[in-house]
Amino acid sequence: MDQSQFRGTYRPYISPRDPCPPILVKTFVLPPQLFTNFQQPGLTQNSPEEALKQGSLWPQLVDGFSREEGIS
Amino acid sequence: MNANEEEWNMLKKVQQADFVVVELTLYTDTHPNDIEALKQWRDAIKEASRVRREYEARFGPLSLLSVPSSQALDVGWRWSNTPWPWQR
């Protein structure tokens, strides 16, 4: 589950008048559910411990959300 | 593994079991006819309540809806006393 697969990026306009150091590249999450039409029954499942850690009972729907990124 | 760590692990188990129940409930909302999932969902609810009961029998209530044991009250357990389970 590499990080880049579920992330989109864009380069915001950087104004010379920005008081703070600009953020050059901003990323946003493109979770797997955007690409899955309808969840097939009987997909392989995580163990409860893994599910809580990764954020979904089904590995196919895990988007690598990380604490640093905050709420996607 | 001291008692505190053991308690923390059981609390994590309660959280994991509850998470599975939430996930399966959402899944069965969109897949009402998935018999297997419905069965797993019912089992997950039972499992979550079992794990929660097991924790509460040893370390006290986790929510207002669970009745504290009389011994707990005798030794002075009250909701108003800190620390709460997840703070320990």
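Buried means under 20% relative accessible area, exposed means over 50%, and partly exposed lies in between (1.4 Å probe, protein chains only). This is a predicted model: local features need pLDDT of at least 70, side-chain atom pairs count only at pLDDT 80 or more, and totals for chains, interfaces and linings use all residues. Residues are numbered from 1 along each chain as its sequence is written, chains are lettered from A and ligands numbered from 1 in the order in which they are written, and side-chain values use heavy atoms, with hydrogens and water left out.

**Exercise 1. Classify A:Val25 by accessibility and place it in chain A.**

Step 1. Take the relative accessibility of A:Val25, which is 38%. A:Val25 therefore counts as partly exposed.

Step 2. Locate the residue. A:Val25 sits in the loop between β1 (7-10) and β2 (26-29) of chain A. Strands (E, at least two residues) and helices (H or I, at least four) are DSSP runs, numbered from the N terminus.

Step 3. Look for a patch. Patches are made of residues with over 30% relative accessible area and no salt bridge; like charges are joined within 9 Å, nonpolar side chains (Val, Leu, Ile, Met, Phe, Trp, Tyr) within 5 Å. A:Val25 forms a nonpolar surface patch with A:Ile14 and A:Leu24, and together they have about 230 Å² of accessible area. Accessible areas come from the Shrake-Rupley method with a 1.4 Å probe; for residues, only the protein chains shown count as cover.

**Exercise 2. Describe the interface of chain B and chain A.**

Step 1. Count residues. Chain A brings 14 residues to the contact and chain B brings 11. Contact means heavy atoms within 4.5 Å.

Step 2. Size the interface. The two chains bury about 1100 Å² between them, with 68% of it on carbon and sulfur atoms. Buried area is the accessible area (1.4 Å probe) that two parts lose on being put together, summed over both.

Step 3. Find the main contributors. B:Gln16, B:Phe19 and B:Tyr27 supply 42% of the area that chain B buries against chain A, more than any other three residues. Helix α1 (residues 3-30) gives the most to this side of chain B, with 8 residues.

Step 4. Check for salt bridges. The rule (a side-chain nitrogen of Lys or Arg within 4 Å of a carboxyl oxygen of Asp or Glu) finds 0 across this interface.

Step 5. Examine B:Gln16. The residue lies in helix α1 of chain B. B:Gln16 is buried, because its relative accessible area is 11%. B:Gln16 touches A:Pro48, A:Glu49 and A:Leu52, not counting residues up to four places away in sequence.

**Exercise 3. Sort salt bridges of chain B by where their partners lie.**

Step 1. Start with the total. The structure holds 6 salt bridges over all chains.

Step 2. Take B:Asp18 and B:Arg52, which meet at 2.7 Å, N to O. This pair links distant parts of the chain: B:Asp18 is in helix α1, B:Arg52 in helix α2 (residues 35-59), 34 residues apart. B:Asp18 is partly exposed at 24%. B:Arg52 is partly exposed at 26%.

Step 3. Take B:Asp43 and B:Lys39, whose closest N and O atoms are 2.8 Å apart. Both are in helix α2, 4 residues apart, so about one helical turn separates them. B:Asp43 is partly exposed at 32%, whereas B:Lys39 is exposed at 53%.

Step 4. Take B:Arg50 and B:Glu47, bridged at 2.8 Å, N to O. Both lie in helix α2, 3 residues apart, about one turn. Salt bridges that share partners join B:Glu47, B:Arg50 and B:Glu54 into one network.
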